[in-house]
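Here are a few exercises to work through with the model open in your viewer. Try each task before you read its solution.

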Amino acid sequence: MGIVAGLDSSSAFTHIVVCDTDTGAVLRRGFAAHPVEAKATEIDPQAWLLSLGEAATDGLLEGVQAIGVSAQQHGLVPLDHQGNLVRPALLGNDKRAQVAAADLVDGLGGRQAWAEAVGAVPQAAQPVSKLRWLARNEPEAAQRVAAVLQPHDWLVWQLLGRPARRTTDRGAASGTGYWSADTGSYRPDLVELALGHQATLPEVLGPADAAGTTPEGLLISAGTGETMAAAFGLGVGVGDAVVSLGASGSVMAVHHEALSDPAGMITSFADATGKHLPVVHTSNAVRALRGTAEMLGVEGLEELSALALKSTPGASGLVLLPYLEGERTPRLPHAAGTLCGLRRESMKPEHLARAAFEGMLCSLADALDVLRGRGVEVRRVFMLGAAAELPAVQGLAPALFGTQVVVPQPAEYAALGAARQAAWALGVSQGTADPLTPPAWQGAAAQVLEPGEELAAGQAVRQQYVATRDQIHPGAFDSAG
């Protein structure tokens, strides 16, 4: 038996789990908030190290043989020739690069050119867009940028004592906008297009590779982005999709190949195991529920859920297209939400509440169908987020998605994924593990929900939604394939 640790440095806090290498059983936990504002859009990365140190107090890492690092994605840590910070790190929630992203799309010749180049169309969050923003808005700082890292890359580098070699992994690299999950290689020309000159990029390690060993003999694995670490911690594989319910939504699935999407609805990430993780985002998920609750004067989502369950499938004919903030899937950036099917008998609070849940879940089913339409197998759906615990969501989702739904118990899945990666790299380094086969840790404890007798009614609701969507927004998905 060995002991490994997984460290997850998210946007607001650091989680550490210490696990048994053989089973994945959690032996110890640590936690600390970052000493910064929760909604900060830039940060001195030293705050991440301070948080890490606080989370690892009281001998938490005693006996640990290897550490894996997961961290928030899309952050940009710009370094000069000496490896010093050029300016504070730009975080993923920084939206200032929206115009820069649009400039980059035009600069390469459109959305399809980007999708073919790196499997993703630039968004404000991505490092490639942040580099363009830096070049346009802080040209003196941009000229000093000699190397570019992301948060997990920077943390691994610091843990190893800032060696000459800097590393990343396929998962984190696939979110930069200048690395292709399809070819497995960087596009330095896109860095130059964004920044105005070349910059040194970290070496991309394989899933079971080690980034190095500390002077004390502690192995540090490759690390990865938070999304990839969470998928690895959940134990998802081919045939599994993950639906994440936040204010906005996302659907991702494990797949055997990268998917290029000319419409830009699919972002082609790599996962933490050597496979691929195509992701489809929706702009509206739980925000549609909160807006409905406010409209109805309902106290919170639990009450809205209870109200919705007083209605029947199809919400007495009401259909809500929940495009309240425009929509990414389908690509309708200037759309508004639409409520259809109003009749005297449908104008009751419970029917509107039901339509909100059905509309949100049908919109996510649309995102699932984008992946299915490209040959991605979906046998079961893992549903994440606080809203996944709502009875209305659990009652409706299996029939609307048309498949088994798994609701994992809340846990530090990104930190667990980082620990599992550390165990893998440790085993490979000791000659006891296969570099192509990750440790078979026990999967997440979860509720398993089946469509059952509700499947036919759920599919009828789905058809009603699709017919309404196609009437209001004809051809919205014509370019999804």
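Let's start with the annotated domain, keeping in mind that this is a predicted model.

**Exercise 1. Find the end-to-end distance and the helix and strand content of residues 241-426.**

Solution. Begin with the record: the unreviewed UniProt entry annotates residues 241-426 as "domain: Carbohydrate kinase FGGY C-terminal". Next, take the C-alpha atoms at the two ends of the span, which sit 28 Å apart. Finally, look at the secondary structure: 37% of the span is helix and 22% is strand.

**Exercise 2. Trace the open sheet of seven strands and work out its order and its edge strands.**

Solution. Walk across the sheet and you get β18-β19-β17-β16-β22-β23-β24, with mixed pairing. The edges are β18 (266-270) and β24 (446-449), each of which pairs on one side only. On average, neighbouring strands here are turned by 25° against each other, if you ignore direction. Now zoom in on one pair: β22 (residues 378-384) and β23 (residues 404-408) run in the parallel sense, joined by three bridges. Pick Phe 382 and you'll find its bridge partner in β23, Val 406.

**Exercise 3. Decide how α2 and α3 are oriented against each other, and list the residues where they meet.**

Solution. Fit the axes first: those of α2 (residues 98-108) and α3 (residues 111-118) come within 7 Å and cross at roughly 85°. Angles of 65 to 115 degrees count as roughly perpendicular, so α2 is roughly perpendicular to α3. For the meeting residues, α2 brings Leu 104, Val 105 and Leu 108, while α3 brings Arg 111, Ala 113, Trp 114 and Ala 117.

**Exercise 4. Count the disulfides, then check the surroundings of Cys 362.**

Solution. The count is zero. Cys 362 is in no disulfide, and its nearest cysteine sulfur, on Cys 340, is 13 Å away. The cut-off for a disulfide is 2.5 Å between the sulfur atoms. Then turn to accessibility: Cys 362 has a relative accessibility of 1%, so it counts as buried. Cys 19 is buried too, with a relative accessible area of 0%.

**Exercise 5. Two loop residues, His 74 and Arg 162, have a positive phi. Place each one and say whether it is buried or partly exposed.**

Solution. His 74 sits in the loop between β5 (66-71) and β6 (77-79). Its phi is about 70°, even though it isn't a glycine. The relative accessible area of His 74 is 17%, and buried means under 20%, so His 74 is buried.

Arg 162 belongs to the loop between α6 (151-159) and β9 (167-169). Arg 162, another residue other than glycine, has a phi near 60°. With a relative accessible area of 35%, Arg 162 is partly exposed.

**Exercise 6. Locate the cis peptide bond between Thr 329 and Pro 330, then describe the setting of Thr 214.**

Solution. At the bond joining Thr 329 and Pro 330, omega is about 0°. Pro 330 lies in the loop between β20 (319-321) and β21 (338-340).

Thr 214 is in the loop between β13 (210-213) and β14 (219-221). Its relative accessibility is 7%, so Thr 214 counts as buried. To see what surrounds it, leave out neighbours within four places in sequence; Thr 214 is then in contact with Leu 159, Leu 160 and Ile 220.

Definitions and conventions. Residues numbered from 1 in each chain as written. Predicted model: local features only at pLDDT ≥ 70, side-chain atom pairs only at ≥ 80, totals over all residues. Heavy atoms only, no water. Buried < 20%, exposed > 50% of the residue type's maximum accessible area, 1.4 Å probe, protein only. UniProt positions renumbered as here; feature names shortened; annotations may be inferred. Helix = DSSP H or I, 4+ residues; strand = E, 2+ residues; numbered from the N terminus. Pairing = 2+ DSSP bridges. Axes fitted to C-alpha atoms, helices over the stretch in contact; angles between N-to-C directions. Contact = heavy atoms within 4.5 Å. Parallel < 35°, antiparallel > 145°, perpendicular 65-115°, else oblique.
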